[in-house]
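Work through the exercises below with the model open. Each task is followed by a solution in steps.

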Amino acid sequence: MKWFQGTADAVRQFTWVFEDARNKDVENILILSGDHLYRMDYMDFVQNHIDRNADITISCVPVGNSRASDYGLMKIDHNGRIIHFSEKPKGADVKAMEADTTLLGLSPKDAAKAPYIASMGVYVFKTDVLLKLLRWRYPTSNDFGSEIIPSEVAEHNVQAYVFRDYWEDIGTIKSFYDANLALTEEFPKFHFYDPKTPFFTSPKFLPPTKIDKCKIKDSIISHGCFLRECSIEHSIVGERSRLDSGVELKDTLMMGADNYQTEAEIASLVAEGKIPIGIGKNTKIRKCIIDKNAKIGKDVVIMNKDGVEEADRPEEGFYIRSGITIILEKATIDDGTTI
């Protein structure tokens, strides 16, 4: 098995699962993407596919002009059949993919704001159709959206399934950052607290977070953290994080740590002039993603005051993408550093 070259290649490498005798009665295959945030009833999606006798069904959402070129765009007829598909078009090709999104149930006002129909990259295929496409018709194609779907809308019954709830593609640094921090809002568009559709995570068996004289506003704090006389605003603090006195964290996603360091270990590191995992005294951080097990010293300033949009400084422990500073996993940021 080799590293996946695209969505179609990833599925092709596992077609042996579909061809196994134990799965011979499986009539439809649901294909999901791993970098999206949404909550969907897949049974309804698959049933819609079956009811329409579709060969392929693609889940879709209406989108506006600003992000249309980030997605595969489609046009549909009055029966919901996809009649044209273009993967991430640019320039004039984007305008050509404008569609009447009132067909999706939008009001004329909302349709004017979102005149494109975007693929979510979530599919249902008839099993025999999927195997035929991957094995015989497109044996070397790597991607569904750019190489297979555009041609097959004319050859097969390809239907659109309209998804009417929150959905966000978090495949870029900015979208990942924005989607995470949006969870800190008082009434977020997406939340984890719906008792009818709960989210289950692997148990960590960590103690509660310990908070000592801190100011915390519009933030999410994970388990097992040590927060001492610090200020946290519009931020997410991951498990086992350590924030020392005087730390100011704002508009920041801190991923946390995989292991604890004892007080004795921390004292020993500091005595040797080294920096323990976490954030040291009087450090100020804004608009940042801090990856796991990062070591940020005292009196550090991470604010990107010059407004740099893109920068590659891996030797210094960080990148900047879309104006967001990313501190690398296990990076060490020395005392007094300014970024």
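**Exercise 1.** In which strand is the place of Val301? Classify its exposure and list its contacts.

*Solution.* Val301 sits in strand β20, residues 301–302. Helices (H or I, at least four residues) and strands (E, at least two) are DSSP runs, numbered from the N terminus. The model is predicted: local features need pLDDT of at least 70, side-chain atom pairs count only at pLDDT 80 or more, and totals for chains, interfaces and linings use all residues. Residues are numbered from 1 along each chain as its sequence is written, and side-chain values use heavy atoms, with hydrogens and water left out.

Next, exposure. Buried means under 20% relative accessible area, exposed over 50%, and partly exposed in between (1.4 Å probe, protein chains only). Val301 is partly exposed because its relative accessibility is 21%.

Then contacts, meaning heavy atoms within 4.5 Å. Leaving aside neighbours within four places in sequence, Val301 touches Lys284, Thr337, Thr338 and Ile339. Finally, a distance: the C-alpha atoms of Val301 and Ile285 are 6.0 Å apart, with their positions 16 residues apart along the chain.

**Exercise 2.** Is Thr325 buried or exposed? Find its partners.

*Solution.* Start with the element: Thr325 belongs to strand β23. Its relative accessible area is 0%, so Thr325 is buried. Beyond the neighbours within four places in sequence, its contacts include Lys287, Cys288 and Ile289. Ile302, Asn304 and Ile339 are also among them.

**Exercise 3.** Which backbone oxygen does the side chain of Arg242 reach? Describe the surroundings.

*Solution.* Arg242 lies in strand β15, residues 242–243. Arg242 counts as buried because its relative accessibility is 15%. Its side chain reaches the backbone oxygen of Ile277 at 3.0 Å. Ile277 also appears in the contact list of Arg242, which leaves aside neighbours within four places in sequence. Phe226, Met254, Ile266, Pro276, Gly278 and Ile279 are in that list too.

**Exercise 4.** In which sense do strands β4 and β5 pair? Trace the connection.

*Solution.* Strands pair if DSSP finds at least two bridges between them. β4 (residues 72–76) and β5 (residues 82–87) pair in the antiparallel sense, over five bridges. Within this pair, Met74 stands opposite Phe85 of β5. The two strands form a hairpin, with five residues between them. In the turn, Gly80 has a positive phi of about 85°.

**Exercise 5.** Which residues of helix α8 are buried? Say what they pack against.

*Solution.* α8 covers residues 173–182. Its buried residues are Ser175, Tyr177, Ala179, Asn180 and Leu181. They pack against strands β2 (36–38), β8 (167–169), β14 (236–237), β16 (248–254), β18 (284–290) and β23 (324–327). Thr325 from Exercise 2 is in β23.

**Exercise 6.** How far apart are the C-alpha atoms of Ala271 and Asn79? Set the result beside the overall dimensions.

*Solution.* Ala271 is found in helix α9, residues 263–271. Ala271 counts as exposed because its relative accessibility is 69%. The C-alpha atoms of Ala271 and Asn79 are separated by 71 Å, and the two residues lie 192 apart along the chain. The C-alpha trace spans about 70 × 50 × 40 Å along its principal axes.

Now the totals. The protein has nine helices and 24 strands. Of its 339 residues, 42% count as buried. Among contacts with a separation of 6 or more, 55% join residues 24 or more positions apart.

Terms used. Polar contact = N/O pair within 3.5 Å; in protein donor to acceptor, adjacent residues only side chain to side chain.
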